[in-house]
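Work through the exercises below with the structure in view. Each task is followed by a solution in steps.

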Amino acid sequence: MSRARLTEDEITTGLAALPDWTREGDSITRTAEAASFPAAIRVVDAVAETAEQLDHHPDIDIRWRTLRFVLFTHSAGGLTSLDLTLAARIDEALRAES
Ligand SMILES: C[C@H](O)[C@H](O)[C@H]1CNC2=NC(N)=NC(=O)C2=N1
């Protein structure tokens with residue numbers, strides 16, 4: 001999967017398929033509430049597995065059962081297709097716990 005920075009058009013198209021994600025400068029973010037703290041940690045655990053598989057890692061803020069994910073490709077200095085792929089996988093992990 002490419003670590004080349006996406007163009008503005010590619011970001012707009014990619015985000016159209018990820019309605020729960022918000023562009024924040026050179027990153028995309030999603031905040032979500034799990035049913036409980038253990039459920040939130042299970043989501044984080046599933047996301048950790050995915051991140052290792054993809055060799056692409058999110059910033060994660062955990063506050064009780066509220067999770068905030070920030071995706072960005074450090075090596076590219078912006079958004080790449082890996083961020084969109086990881087966002088879709090995080091959506092799946094959240095859906096599995098909802
Ligand atoms: C060596 C390894 O491929 C890199 O350090 C990976 C690991 N995970 C990463 N995650 C993110 N979000 N950005 C990166 O540039 C990145 N680089």
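**Exercise 1: the sheet**

Start with one pair of residues: Thr-31 has Arg-68 in strand 4 as its bridge partner. This is a predicted model, in which local features need pLDDT of at least 70, side-chain atom pairs count only at pLDDT 80 or more, and totals for chains, interfaces and linings use all residues. Residues are numbered from 1 along each chain as its sequence is written. Strands (E, at least two residues) and helices (H or I, at least four) are DSSP runs, numbered from the N terminus.

Task: find in which order the strands of the open sheet lie, and which strands stand at the edges.

Solution.
- Step 1. Two strands pair if DSSP finds at least two bridges between them. Strand 1 and strand 2 are antiparallel and joined by 3 bridges; within this pair, Arg-23 is opposite Ile-28.
- Step 2. Strand 2 is also paired with strand 4, antiparallel, over 6 bridges. Ala-32 has Leu-67 as its bridge partner there.
- Step 3. Strand 4 and strand 3, again antiparallel, are joined by 5 bridges. Asp-59 lies opposite Val-70.
- Step 4. The order of the 4 strands is therefore 1-2-4-3, in an open sheet with antiparallel pairing. Strand 1 (22-24) and strand 3 (59-63) are at the edges; each has a single partner strand, so one side of each has no neighbour in the sheet. From one strand to the next the twist averages 25°, with axes fitted as lines to C-alpha atoms, for helices over the stretch in contact, and angles from 0 to 180 degrees between N-to-C directions.

**Exercise 2: the faces of strand 4**

Task: state which side chains of strand 4 are buried.

Solution.
- Step 1. In a regular strand the side chains alternate between the two faces of the sheet.
- Step 2. A residue is buried if 20 or more other C-beta atoms lie within 10 Å of its own, exposed if 12 or fewer, and partly exposed in between, with C-beta atoms placed from the backbone.
- Step 3. Leu-67, Phe-69 and Leu-71 point to one face and are buried. Thr-66, Arg-68 and Val-70 point to the other face and are not buried.

**Exercise 3: helix 3**

Task: compare the expected span of helix 3 with the distance between its ends, then say what covers its buried residues.

Solution.
- Step 1. The expected span is 1.5 Å times one less than the number of residues. For the 16 residues of helix 3 (residues 81-96) this gives 22 Å, and the end C-alpha atoms are 23 Å apart, which agrees.
- Step 2. Among the buried residues of helix 3 are Leu-82, Leu-86 and Ile-90.
- Step 3. Two residues are in contact if their C-beta atoms, placed from the backbone, lie within 7 Å. The cover over the buried residues of helix 3 includes helix 1 (8-16), strand 2 (27-33), helix 2 (37-54) and strand 4 (66-71).
- Step 4. Helix 3 lies across strand 2 and strand 4, at about 5° to strand 2.

**Exercise 4: Ala-76**

Task: locate Ala-76 and decide whether Ala-76 is buried, exposed or partly exposed.

Solution.
- Step 1. The loop between strand 4 and helix 3 holds Ala-76.
- Step 2. Ala-76 counts as partly exposed because it has 16 C-beta neighbours inside 10 Å.
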